[in-house]
Amino acid sequence: MIIFLLSLLISFSQASNVEVPDVEHHILKVVTERVKQECADCRVELEILNKNILEDISIPDQIIADHWRGQTNLLLKLGEDSRLVTTKIRWKDNVVIAGKNIRQGDVFATNDLRVVEKDVTFLQTPYLGSIDKAIGMTGRRLFKRGEIIDESLIRRPIIVKFGQPLEVILKNGDLEVQMLGKARGAGAIGDRIPVFIDRTRTKVFGKVISKGQVRVE
């Protein structure tokens, strides 16, 4: 009898230590997976405003939401039953900001920039997540200290100016000819600009490949 009672006691103790599925953790996992479809590097913070709804329920079969940011209702499907959970979903991401005032046209250097984590839940600015993507670029306007570097407002530095003498490389198949010309526009590496060729007295469009060369193909 004593052995039997001890056996029952051990069984009860083991049963009481069985890990109960963490519904809140499961909801966070599902929300994070959904958010990362739009923001792969984002860290998700989830606040459940009516946690009492989660009492005595199992892991839901499905979680449905109209949107996955800010305050939103999550519909938890539990077989024939369902629960409506009110949440706040915040997206956090690394954002490149100006470490000091950076004048328009200045070439960005590493010590000009910083990376900080910001709440980007409703951020409309197309931001950068890595300093490497900004190094060597220039701003189309002034960026004040602490301001987010707007990706749409930076570009490669202008290396060819209007009126600058250029070597124009004309390529046609395996044939390549160099002629002298003048820039009729300004551009960075990769830009196509109008160029006047002195010998032929014609205007063509060439791709800037260096400070003093454009290629016409």
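Visitor: Is R215 to be read as buried, exposed or partly exposed?

Guide: The general idea is to place a residue by its relative accessible area, where under 20% counts as buried and over 50% as exposed. In this predicted model, R215 has a relative accessible area of 25%, and it is therefore partly exposed.

Visitor: Which residue does the side chain of R215 meet in a salt bridge?

Guide: The general idea is a distance test, in which a side-chain nitrogen of Lys or Arg has to lie within 4 Å of a carboxyl oxygen of Asp or Glu. In this case the partner of R215 is E217, with 3.9 Å from N to O. E217 has 72% relative accessibility and so counts as exposed, while R215, at 25%, is partly exposed.

Visitor: Which residues are joined into one network by salt bridges that share partners?

Guide: Here one follows the shared partners from pair to pair, and the network that results contains R43, E45, K92 and E117. Within this network, R43 forms a salt bridge with E45, where the closest N and O atoms are 3.2 Å apart, and R43 also forms one with E117, where the corresponding distance between the closest N and O atoms is 2.8 Å.

Visitor: Why can the pair of R43 and E117 be said to tie together parts that are apart in sequence?

Guide: The reading rests on where each partner lies: R43 belongs to strand β1 (residues 43-48) and E117 to strand β5 (residues 113-119), so the pair ties together parts that are 74 residues apart in sequence. As for accessibility, R43 is partly exposed at 36%, E117 is partly exposed at 42%, and E45 is likewise partly exposed, with a relative accessible area of 27%.

Visitor: How many salt bridges does the rule count in the model?

Guide: The count comes to 16 salt bridges, among them the pair E217 and R215.

Visitor: Turning to the strands, which of them close into a barrel, and in what order?

Guide: To read a barrel, one follows the pairing from strand to strand until it closes, and here 5 strands do so in the order β8-β9-β10-β11-β12, with mixed pairing. From one strand to the next, the twist averages 50°.

Visitor: How many bridges join strand β11 to strand β12?

Guide: Strand β11 (residues 202-210) and strand β12 (residues 213-216) run antiparallel and are joined by 3 bridges. To take a single residue, V208 has V214 in β12 as its bridge partner.

Notes: Residues are numbered from 1 along each chain as its sequence is written. This is a predicted model: local features need pLDDT of at least 70, side-chain atom pairs count only at pLDDT 80 or more; totals for chains, interfaces and linings use all residues. Side-chain values use heavy atoms; hydrogens and water are left out. Two strands pair if DSSP finds at least two bridges between them. Helices (H or I, at least four residues) and strands (E, at least two) are DSSP runs, numbered from the N terminus. Axes are lines fitted to C-alpha atoms, for helices over the stretch in contact, and angles run from 0 to 180 degrees between N-to-C directions. Buried means under 20% relative accessible area, exposed over 50%, partly exposed in between (1.4 Å probe, protein chains only).
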